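Here is a set of short exercises to work through with the structure open beside you. Try each task first, then compare your steps with the solution.

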Amino acid sequence: MLRPADLSSKEQQKKFQRFLQRADARKVLRRLPDLHEEAIRENDCLSCAACCKNYSPRFKTPDVKRISKYLRLKESVFIETYLNVDDDGDFVVKSSPCPFLGADNFCSIYEARPSDCARFPYTDEDVLLKRPRLTLKNATFCPIVHQVLDKLSATQL
Ligand code: SF4
Ligand code: SF4
């Protein structure tokens with residue numbers, strides 16, 4: 001598994017950027033399911049947790065409702081205890097690492113986790129191409145995103 005230090009070279013970022021600018025969406029989407037499965041198999045999230053340690057998901061209204069219920073807290077108490085509003089007006093965690101991340105890197109609210117967490121790292125979605133800046137940022141810390149982009153860009157599509 002690639003370590004964060006291996007992920008952030010400027011050369012790699014430029015290569016990925018060029019790829020994302022020129023990629024044929026139809027061909028990429030055809031290859032994504034297999035590349036996603038392979039990267040999930042080959043990278044162990046429980047020995048990484050870089051996403052949960054360094055970035056916050058957005059807590060949308062349905063997430064707040066579901067997680068408050070799961071924790072048996074009033075929504076207002078849940079918000080007051082754990083969340084802040086960021087510059088985009090979204091609820092995010094007050095502090096990093098995420099307060100729901102355990103010392104063993106398990107998520108203590110896994111069954112009820114925010115939709116952003118369930119979808120991350122978006123390597124089986126067209127978000128990968130539609131939000132290139134987000135994809136490039138994710139590739140600097142997530143070995144799964146990095147691996148998928150590396151394999152896709154090895155054969156320009
Ligand atoms: S999704 Fe990516 S950054 Fe998050 S734990 Fe898994 S490999 Fe690490
Ligand atoms: S809610 Fe769970 S999966 Fe989401 S960032 Fe926090 S610890 Fe990670």
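## Exercises on pockets, ligands and cores

H7 is the element that gives the most to the lining of the largest pocket, with 4 residues. Keep in mind throughout that this is a predicted model.

**Exercise 1.** Describe the largest pocket: its volume, its lining and the elements that contribute to it.

*Solution.* Start with the volume: the largest pocket holds about 1,300 Å³ of space. Next, look at its lining of 47 residues, in which Cys51, Pro57, Asp116, Cys117 and Phe120 are the closest to the pocket's centre. Then turn to the secondary structure: two or more lining residues come from each of helix H3 (25-42), H4, helix H7 (115-119), helix H9 (132-139) and H10. Finally, sort the lining by class, which gives 31 nonpolar, 5 polar and 11 charged residues.

**Exercise 2.** Find where ligand 1 sits, and list the residues around it.

*Solution.* First place the ligand: ligand 1 sits in the largest pocket. Now collect its shell, which consists of Cys45, Cys48, Ala49, Ala50, Cys51, Phe120, Cys142, Pro143 and Ile144. Two helices, H4 (50-54) and H10 (143-154), each supply at least two residues of this shell. Classify the shell residues and you get 9 nonpolar, no polar and no charged.

**Exercise 3.** Do the same for ligand 2: where does ligand 2 sit, and which residues are around ligand 2?

*Solution.* Ligand 2 sits in the largest pocket. Around ligand 2 you will find Cys52, Pro57, Cys98, Phe100, Leu101, Cys107, Ile109, Pro114 and Cys117. By class, this shell has 9 nonpolar residues, with no polar and no charged ones.

**Exercise 4.** Take a closer look at Cys117: is Cys117 buried, partly exposed or exposed?

*Solution.* Locate the residue first: Cys117 is found in helix H7. Its relative accessible area is 29%. Buried means under 20% and exposed means over 50%, so Cys117, at 29%, is partly exposed. To finish, compare sequence and space: Cys117 and Cys52 are 65 residues apart in sequence, and their C-alpha atoms are 8.6 Å apart. Both residues belong to the shell around ligand 2.

**Exercise 5.** Identify the residues that touch the most other members in the largest nonpolar core, and say which helix gives the most to this core.

*Solution.* A general tendency is a good place to begin: in soluble globular proteins, nonpolar side chains tend to be buried together. Here the largest nonpolar core has 20 residues, and Phe19, Leu20, Val28, Leu32, Val148, Leu149 and Leu152 touch the most other members. Helix H2 (10-22), H3, helix H8 (127-130), H9 and H10 each supply at least two residues of this core. H10 gives the most, with 5 residues. Apart from this core lies another one, of 10 residues, among them Val64, Phe78, Val93 and Phe100.

**Exercise 6.** How many cavities of 30 Å³ or more does a search of the whole structure find, and what lines the largest cavity?

*Solution.* The search finds 1 such cavity. About 40 Å³ of space lies in the largest cavity. Its lining is made by Pro121, Tyr122, Val127, Leu128, Leu134, Thr135, Asn138 and Val145. Two or more of the lining residues come from each of H8 and H9, and H9 has the largest share, 3 residues. Sorted by class, the lining has 6 nonpolar, 2 polar and no charged residues.

Definitions and conventions
Residues are numbered from 1 along each chain as its sequence is written. Chains are lettered from A and ligands numbered from 1 in the order in which they are written. This is a predicted model: local features need pLDDT of at least 70, side-chain atom pairs count only at pLDDT 80 or more; totals for chains, interfaces and linings use all residues. Side-chain values use heavy atoms; hydrogens and water are left out. A residue is near a molecule or strand if one of its heavy atoms lies within 4 Å of it. On a 1 Å grid over the protein atoms alone, a cavity is a set of points where a 1.4 Å probe fits but cannot get out, and a pocket is an open set with protein on both sides within 12 Å along at least five of seven lines; lining residues have an atom within 4 Å of a point. A molecule sits in a cavity or pocket if more than half of its atoms lie within 2 Å of its grid points. Ala, Val, Leu, Ile, Met, Phe, Trp, Tyr, Cys and Pro count as nonpolar, Asp, Glu, Lys and Arg as charged, and the others, Gly among them, as polar. Grid points are joined across faces, edges and corners, and a volume is the space filled by probe spheres set on the points. A nonpolar core is a set of buried Ala, Val, Leu, Ile, Met, Phe, Trp, Tyr and Cys residues joined through side-chain atoms within 4.5 Å. Buried means under 20% relative accessible area, exposed over 50%, partly exposed in between (1.4 Å probe, protein chains only).
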